[in-house]
Amino acid sequence: MPSPSSRRSSRPSRRTVLATGSALGGTLLVGGLPAPAGAATAAEAGSDPWRTVLDDADLVWQRMPKTWYEGPYLGNGFLGSGIYAEPGADADTVQAVRFNVQHTEVQDHRPQFGSLFGLARLPIGHFTLEPVGTITGLDWRLGLHDAELTGTLTTDRGTLTIRALVHNSRSVLAVEVTPTEGERDFAWVFHPAEAISPRAAFRPLPTGYEPNPPAETGEHDGIRAAVQPLLSGGQHVTAWWERTRGGTRTLYAHVAHSYPKSTALGRALAAVRDASKLPYDLLAVAHRAWWHAFYRKSFLSLPDARMQRFYWIQLYKTASAARRDAPPMATSGPWLEPTPWPATWWNLNVQLEYWLIHGSNHLELDAVTRALSEFRDNLKAEVAAPYRADSLGIPRTTDASLVNGGPTEPALGYGVGIPGQNPPTPEVGNLTWALHNVWLSYRHTMDESILRDVLFPLLRKAINYYLHFLEPGADGKLHLPATFSPEYGGDSRDCNYDLMLLTWGCRTLLESAEVLGIDDESAPRWREVLAKRVAYPTDDNGFMIGADIPFAKSHRHYSHLLAVYPLYELTGRTPDEKALIEKSLAHWVGFEGALQGYTFTGAASMSALLGKGEDALSYLGQLMTRFIQPNTMYKESGPVIETPLSAAQSLHDMVCQSWGGIIRVFPALPAAWRDLTVHDFRTQGAFLLSAVREDGVTRWVRLVSEAGAPCVVRHGITGPIEVRDDSGRRLRYESVGEGAIRVALRKGDSALITAKGDRPDLRIAPVEPNEEAPRWGLPG
């Protein structure tokens, strides 16, 4: 390959690129956006980087999927469908294909039995597609670009050609089937599920708990419906209708939930009647348009084909499972199965599920900020009565409205507990950690309404709860009574989980009050906490669980390391601090036995913080090899989805970091990733970052400011640089050390950083993979 300097001299000038494009294809940057039609040559106009990477990432099936962990999945944040062989069927004699029908709003409403039974999400049922003949083969593709499943199902009597989607806005499952002559009489059958907590498959039912009565199936003006009454009042309803047009038959299905009134039936029937007026192609138009626009909000391409495909699948999965107005993701998303985890988990799962929305520029999926704001009053009841006047908390598990319910399983968490007491388990920090996600949404948008209306008032009351118990010790330091570090076992004084969150919370409250111009009466106390808080407990192995409990056994959770990641309170600024982080990380992952998938995503992100790209890639490689399932789902005693989504965030952390007021471009890339393209990656400070790396050299970095926030960037370009605006005019900048510069950008301004004299090709295009890799799914 030519040297970087010879490549630079052979590149066309920046002005030439913007005027004529490049015959090599790709999308040009004009004003921070892909160039409009006419801005590129005819050869380039036919090239679509997004379509290229998405088509390459499609999952394929040439063998019949048997389980949730193998099959295709469709969803829109509310309605979800997982697709696989009817369970129990032998691989050689499969008679039917299951299309699950589940919905994130469908839950029980009996709080006396707790969030895991009385408030659990409830299974709805499934359709079976039952061919005339015996299934002998299939060829399916889950097309990410259109969010549709397409392909054929072959039997010994003919072929069924299938197209399926869960409509983005209508929440309708539409499955179009075109049969050959021998399969004209295939059938659809709906199977209502028993309306009981999915946890019943793993734990005994609580005393007094009764299953809801069976669903009642009937016909309503030609539309079939399964009406599920609930003992608590209300109902959920699955309505469906099959329409025949020419040689095709299309199934339309919708789920509605109502509580306490029984109004779901009318809504479900109306939704199906309205959607069924449209043939599949017309129904799909608006659905496809939403998904096409969704993907174009950002772009990432890297030379590891398997990892690149995995990344784009996680974006598809997140948009299938999340919407701002949908319930916060439960552990299995909208694809409910028998599981020990039929609720929303707040001591890790929710936080990990939503991290990737920030860098990928998808704040439209942020249900966490919306839910914490909307249901804040419910969080009063989760702290003990004496503290409700000024404190809030969130327990380990809740339903969609952040209610925990009764103490049927105290060991698994009821309320947030009281420091120094047990039972209930004093797991105190979950709300503060959840509010860190809200803080990330603020920092990535600089939307002060998030800070003023949600983060500051809720974080103030979350920290207030801690302040009731924080007391000076004989050493003059402030100490916490015994609290619980998620999942390790046992309570400890000065628990690192809580000390780390308390420290972040006090610092964030002070900074927020300054931004908002608030003179808060509690500010002196927050400053006192930062000045006098006891040091984080450590020993010869690094961070302990707390003052009473060393880290001495295999543990999947990084609850004792939150100050390192994701809080970035400790980042290795000094040699001693870096050594402590390295020692703690090695000790944590050195205990085999209880390690799980998100152990390796956390370790990857901590390695990225330290600039260790090879280690980060190694941890992600172990995740892929040991834990990720064929369809990129994840299993941990049951179906869960947070770990693959957090792996996408680990990739973000390797590509870009923006903590501490500095944007770091390509901070932790392994040597094998010599080429990389990122476009409109959202950073803290509300900047949109685009950058290209070629043959191990960062060619250019471009930042667009959405808020006019201070801009400091560690660009990674070696030697003298130039900084120019969109018109090619030079911008002043200040070097601030360690390869970083400060440049003043007003709202709407942009800065292009290049090596001095370089005029790189400003196109956004996929990079070439280092080697071939199998597709996800079950390829032949």
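Here are four short exercises on the structure above, each with a worked solution.

The model is predicted, with local features needing pLDDT of at least 70 and side-chain atom pairs counting only at pLDDT 80 or more, while totals for chains, interfaces and linings use all residues. Residues are numbered from 1 along each chain as its sequence is written, and side-chain values use heavy atoms, with hydrogens and water left out.

**Exercise 1. Work out how the radius of gyration of the protein stands against the globule rule.**

Solution. Start with the inventory: 19 helices and 39 strands (DSSP runs numbered from the N terminus; H or I and at least four residues for helices, E and at least two for strands). The radius of gyration comes to 27 Å, and the globule rule gives 28 Å for 780 residues, so the protein is as compact as a globular protein of that length. That radius is taken over C-alpha atoms, and the rule is 2.2 Å times the number of residues to the power 0.38. Next, the box: along the principal axes, the C-alpha atoms fill roughly 75 × 70 × 45 Å. Finally, 61% of the 780 residues count as buried (under 20% relative accessible area with a 1.4 Å probe, protein chains only).

**Exercise 2. Find the strands that pair with strand 7, and say why strand 7 is largely enclosed.**

Solution. Take strand 6 (residues 97-103) to begin with: strand 7 pairs with it in the antiparallel sense over five bridges. Pairing here needs at least two DSSP bridges between the strands. Arginine 98 sits opposite threonine 128 of strand 7. Now go to strand 12 (residues 187-192), which is antiparallel to strand 7 over six bridges; glutamate 130 has alanine 187 in strand 12 as its bridge partner. As for burial, strand 7 (residues 125-130) has five of its six residues buried, so the rest of the structure largely encloses it.

**Exercise 3. Describe the surroundings of asparagine 496.**

Solution. First place the residue: asparagine 496 belongs to helix 14 (residues 496-516). Its relative accessible area is 0%, so asparagine 496 is buried. Then list contacts (heavy atoms within 4.5 Å), skipping neighbours within four places in sequence: they include Tyr536, Phe543, Met544 and His560.

**Exercise 4. Identify the edge strands of the sheet ordered 28-29-33-36-35.**

Solution. This is an open sheet of five strands with mixed pairing. Strand 28 (656-657) and strand 35 (734-737) each have a single partner strand, so one side of each lacks a neighbour in the sheet. For strand 35, look at strand 36 (residues 740-743): the two pair in the antiparallel sense over three bridges, and glycine 737 has alanine 740 in strand 36 as bridge partner.

Conventions. Buried means under 20% relative accessible area, exposed over 50%, partly exposed in between (1.4 Å probe, protein chains only).
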